[in-house]
Every structure is written in structure tokens, then in C-alpha cells.
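Please work through the following exercises with the sequence and the model side by side. Each one sets a task and then gives a solution in steps.

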Amino acid sequence: MEQLNSVDEAQRLAEVARLGLGTSEKDSRFDPVTRLASRIFDYDFAAIGIITANGVRVASAQGADLDYVDHDSSITSLIVRANTIVTSTDARNDPRFADMEHVLHHDVRALIGAPIRSRRGITIGALVVADTAPHVASTRDSLLLSDLIDILDNSISAIDAEVTHHVLVETRTLETTILDSISDALLVVNSSGAVIQSNGAADKLIGTHLYGKPISDILTEDLRNSLARQIVQKRTISEFSYRGSGKVIQDSGKKIPVELSATGYPHGSSHQMVLTLRDITDRMRAEQAAEAALLAHRSAHADLLRTNAQQTGLVSVISHEFRTALTGMLAFSELIRDNDLTVEEVKDFANDIHTDAQRLSRMCNEILNASTLEATKAPLAAAEIDLANLVRMIVSRRQRAHTNYTFHIAGPTHITITADADKLTQALDNLLDNAIKYSPPRSAITLTLESSDIDATIAVTDQGFGLDDSDQKLVFERYWRSEKNTDRGINGTGLGLAIVRTIVELHHGTISVRSAPRKGTTFTIRLPRCNDKALAPPQAAAR
């Protein structure tokens, strides 16, 4: 028997496998056709054969017990090769069937058969009807067989549709599984700008019911415009790619930062676009936290460098001050020791020695007070005091010591507060020292008092050099001294105002500064009047 065309055979076998018709078991779906064929023709045998690689599989048979038949002995193979209706009045005497053992075995005489084709038009087998008596096949028989083939084709088309549906379901299931395994959100958008497919990550990121949703409802305006500019630049959505970042809008209206990758591709006569969205909220938070930590580290490092520089400057200032004072004290004491001086001359030199000693004592006290206030855990010795009376006492003492300055007090004559009188005196003394040091002689220094039911304020205003904005931010820092004041030859430790701030904060108050270059400076202390916190345990009082 001639071999079937190898190309057709490979295609045929693939089609049989696709339809699942190459198994060894009988297929009951074909039994109605073989039974009907047997009845219509009133023949002894009816069978449906399917071509396989090993032979012809008998999928359904009536009147004969057949499973597999070799290609060389198969009527089905002959009909498939002819690819048309085949008839024989007496197959036993027909040379076409001379070598077919099952024709002789079943005493096949009359025979009529037709090829079976799949929905794709590929011949996959044949329907054969045979009898043990000779018959001449009529035109009517051929028409009846054609009708049976049509019925059989419909059955195979139904099988094809079932297989196709099953494949589509499996493909979609596999596709969904693959898409859902991707951690990034995926959206497929059609040419109308509507979502036609999404994965689980997209549902989690944006919200459910994404199918049919316009992409304009998902991407913020900035991100949409950025994407549109890229499309315009490429002149087509097909075969373009884009990477950027922006925000997407969740169903709740919340905007989430994302990285976006978009790729366009042709789809039939139109185009589609795949969008990949990665939520970068956590990464941005981590970056912001890292940036904040870096800024804090840099700030702390800068503060440390500034403090070290200020401490170095303080040591230099103290060394200079001590050297200057000691040099003067030694010189004056040597004059007194080595010369016969009048009483008045001795008093003058002694006064100079006393002045230098006071300056050294004041510097030592500032350094010790600053360290003590920072380290102490002792509570304030707080009690009810008359703030206005305390200010009058301090100003009176200052006026006697500094006759070349004018002191003014404005405000109520009595203000009762809860405070540590000694610490508050130290703070006000430091403010007045500061005002005197940086104000020209014969200028006025004003202390303004105000009070309410809640708090009391003391403002110390001078007519000195003033401070610019940058200096005002640092004026309360320990060891800080303005370079302008150093240039003016005004010495100091840079601790006086830091001590004032510490004392005020121990009283749970605030201190602020208002100044401008060449327009003087005002320091304002605000203290709570009924200060129960000032009587608190050490842990609460410490800054």
C-alpha cells in the first residue's frame, strides 16, 4: 500500500492528538453515528477509524469487534489517501482490498466509506459501512453517507470547541497564575485607554473592578502627561517603551508613589499597552528616613565641630584674660613691694589689682555655673517672690556700679510669681552684664515688666550694636561668641546667655531675642506665675 504523504501525516497526527482522539479506548460520542449508519444502510458493519502513528484506531464499531488495524490492512487508510468517497460492490474481489486481512476475515463484500475532516479541514479518519453481501452503491447511498459525514463533522466540531475551550481555560488559568505570581502591578490597556486585564498585585495596589476602567482614572495628571509626551515623541503607541515615576490613584482616592514601565505593541489592526507599576512607598520612606538620619548626623557633626571650635576659642580667651590680669596684678604688686609709695598710690594699685581679680573671679563663676546648671539634679529653691521688687533691687545695685549708664524700669510695681530668687537674679544679672558690655556709654537700658493671670514677662532692651539674623539663631548656644564682637575687642566666655536660657527653662519658661544691626537688642523672659512645675522632682526640672 502506498505510504501517506509525510507532511500531511505529521499534520494529521498533530490534529488527532490536539482533539484527543488517538487514545486506545472506544469513544462513545461516535456510537450514535455508527448505529445510525448501520440502520440506514441495513449493512452488517459500521465503523469509524481514526489515523494514529501506530495504525488506525477504531473509535466506534457496530457488528465487529475491532480496536486497532495496521495501516496496510486498513480501509480507513485507503479512504484517507483517496480523500473522497470510496465504494466497492464486492471488496473480496476488488484488487484495492486484496491484501486486507480483516476484509477476508469478516467476509466484507459491499463497502462504502468517506473521509472525516476536522474543523480545520484536516482529514483525520473515515466512516466505513460494509456488508457480507454484494451491493451496488447508489447515488442515494452516497448522499446518505454525506449526510452522516455532516453529522459526524458536527460531532467533531463540538469536540474541537470543547478542546479549544479547555485550552483557553487552561491558558487563561496559567496566564493568571503567572501574572499573579509577579509582585509588581500589571495592567493591559487597549487602544481606547481602558484596562482589559490586570493581576492580583494591581488589585491590591489600586483596587478591584479594574476591567474597563479608564487609565485616566488610575494615573495622576502629571504621570499621564509624562506618558503622553513620550507617545507623541514616538508618534505611535505601538512599539514604544517608557520608564518614569509618579503616583496612581486608589479607589479610596489616596495617591500612591510608583515607578512606571510602559510598553506598546501592535494588536491586530490596533494596538495595546502593558503598564508595570511598582509601589515605592516603603522605599521612599526608607530613603527619607536615611536622608533625615544623614542630615541629623551632619547637623550633629557640625554642632560638635562648632562646639569644639568654641571650646578651643574659650580656652584661648580664658588664657588671654588670665595672662592679662595676672600680668597686671604682678606688675602692681611688684610696684607696691619694691617702691616707697604714698597711701593714695597704694590704694590706686590695690584697686587695679582688685579689678583684675574680679574679672578672673567672674570668668571662673560663669564656667562653674554653666557646668553646675547642666549637671545638677537638685530642684529649684522656688518660693513666692515679688518679681517687680526683685528687678528694682537688681537695677539699683547696677545703677550704683555703672553710673555712666541710665537704667529704666517700666510696668507694674508688684508681680507675684513662684521662682528661685537667687537663680532668677543670676539670669537678670547676666542679661544686664550683656547689655552693658555691648552698649555704648551714656546709653539707656530699659527693663519692661508685664503680667497676666497666667504668666509674667521681663524684657531687657539696650541700645547696643545689635545682632543680625544668623547671630540671633546661635546667641544662646554655649561658648558661642560673635566674630564681630571679637573684632571689637569685647572679651567673654560665651556662657552668659546659655546660663540664662538654662535657668529660664528650669523655671519652665521661655526666652527670646529680637534685634537688628545698630538698632539694639531686646531679650524677653516669659515665666509662668503659678509655677508648680518649678517645685517638681529633679527629673522633671532638669532640661
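**Exercise 1. The largest cavity**

How do the residues of the lining of the largest cavity divide into nonpolar, polar and charged? Describe also the volume of this cavity and the elements that line it.

Solution. The model is a predicted one, and every value below is computed from it.

Step 1. Begin with the inventory of enclosed space: the structure holds 3 cavities of 30 Å³ or more, and the largest cavity has a volume of about 250 Å³.

Step 2. Locate the lining of the largest cavity, which is made up of 19 residues, with Ala47, Leu66, Ile75, His102 and Val128 lying nearest the centre.

Step 3. Assign the lining to elements: β1 (45–51), β2 (56–62), α3 (75–82) and β6 (123–130) each contribute at least two residues, and β1 gives the most, with 5 residues.

Step 4. Sort the lining of the largest cavity by class, which yields 13 nonpolar residues, 6 polar residues and no charged ones.

**Exercise 2. The second largest pocket**

Which helix supplies the largest share of the lining of the second largest pocket, and how many charged residues does this lining have?

Solution. Step 1. The second largest pocket has a volume of about 180 Å³, and among its 16 lining residues Gly193, Ile215, Leu227, Ile231 and Met273 lie nearest the centre.

Step 2. Both α7 (221–234) and β11 supply at least two residues of this lining, and the largest share, 4 residues, comes from α7.

Step 3. By class, the lining of the second largest pocket comprises 8 nonpolar, 7 polar and 1 charged residues.

**Exercise 3. An open sheet and its hairpins**

In what order do the 5 strands of the open sheet follow one another, and which strands lie at its edges?

Solution. Step 1. Reading across the open sheet, the order is β8-β7-β11-β10-β9, and the pairing is antiparallel. The edge strands are β8 (195–198) and β9, each of which pairs on one side only. Neighbouring strands of this sheet are turned by 30° against each other on average, direction ignored.

Step 2. Follow the pairing of β9 (residues 241–249) with β10 (residues 255–267), two antiparallel strands joined by 9 bridges; within this pair, Ser245 stands opposite Glu259 of β10. The two strands form a hairpin with 5 residues between them, and Gly253 in the turn has a positive phi of about 95°.

Step 3. Continue to the other neighbour of β10, the antiparallel strand β11 (residues 270–279), to which β10 is joined by 10 bridges. Val258 has Asp279 in β11 as its bridge partner, while Ala262 is partnered by Leu275. The hairpin of β10 and β11 has 2 residues between the strands, and there Gly268 takes a positive phi near 65°.

**Exercise 4. A helix and its surroundings**

Why can helix α14 be described as largely enclosed by the rest of the structure?

Solution. Step 1. Apply the cut-off for burial, which is a relative accessible area under 20%. In α14 the residues that count as buried are Gly496, Leu497, Ala498, Ile499, Val500, Arg501, Thr502, Ile503, Val504 and Leu506.

Step 2. Because 10 of the 11 residues of α14 (residues 496–506) are buried, this helix is largely enclosed by the rest of the structure.

Step 3. Look past the end of the helix, where α14 is followed by His508, a residue whose phi is positive, near 60°.

**Exercise 5. Positive phi outside glycine**

Where is Asn83 found, and is Arg442 buried or exposed?

Solution. Step 1. Asn83 is found in the loop between α3 and β4 (86–88), and although it is not a glycine, Asn83 has a positive phi of about 55°. With a relative accessible area of 36%, Asn83 is partly exposed.

Step 2. Arg442 lies in the loop between α11 (421–437) and β15 (444–451), and its phi is near 65°, a positive value in a residue other than glycine. Arg442 counts as exposed, at 72% relative accessibility.

**Exercise 6. An annotated span**

Which residues does UniProt list for "domain: PAS", and how far apart do the end C-alpha atoms of that span lie?

Solution. Step 1. The UniProt record, an unreviewed entry, lists residues 171–207 for "domain: PAS".

Step 2. In the model, the end C-alpha atoms of residues 171–207 lie 25 Å apart, and the span is 46% helix and 24% strand.

Technical notes
Residues are numbered from 1 along each chain as its sequence is written. This is a predicted model: local features need pLDDT of at least 70, side-chain atom pairs count only at pLDDT 80 or more; totals for chains, interfaces and linings use all residues. Side-chain values use heavy atoms; hydrogens and water are left out. Two strands pair if DSSP finds at least two bridges between them. On a 1 Å grid over the protein atoms alone, a cavity is a set of points where a 1.4 Å probe fits but cannot get out, and a pocket is an open set with protein on both sides within 12 Å along at least five of seven lines; lining residues have an atom within 4 Å of a point. Grid points are joined across faces, edges and corners, and a volume is the space filled by probe spheres set on the points. Ala, Val, Leu, Ile, Met, Phe, Trp, Tyr, Cys and Pro count as nonpolar, Asp, Glu, Lys and Arg as charged, and the others, Gly among them, as polar. Buried means under 20% relative accessible area, exposed over 50%, partly exposed in between (1.4 Å probe, protein chains only). Axes are lines fitted to C-alpha atoms, for helices over the stretch in contact, and angles run from 0 to 180 degrees between N-to-C directions. UniProt positions are given in the numbering used here, feature names are shortened, and annotations may be inferred rather than shown by experiment.
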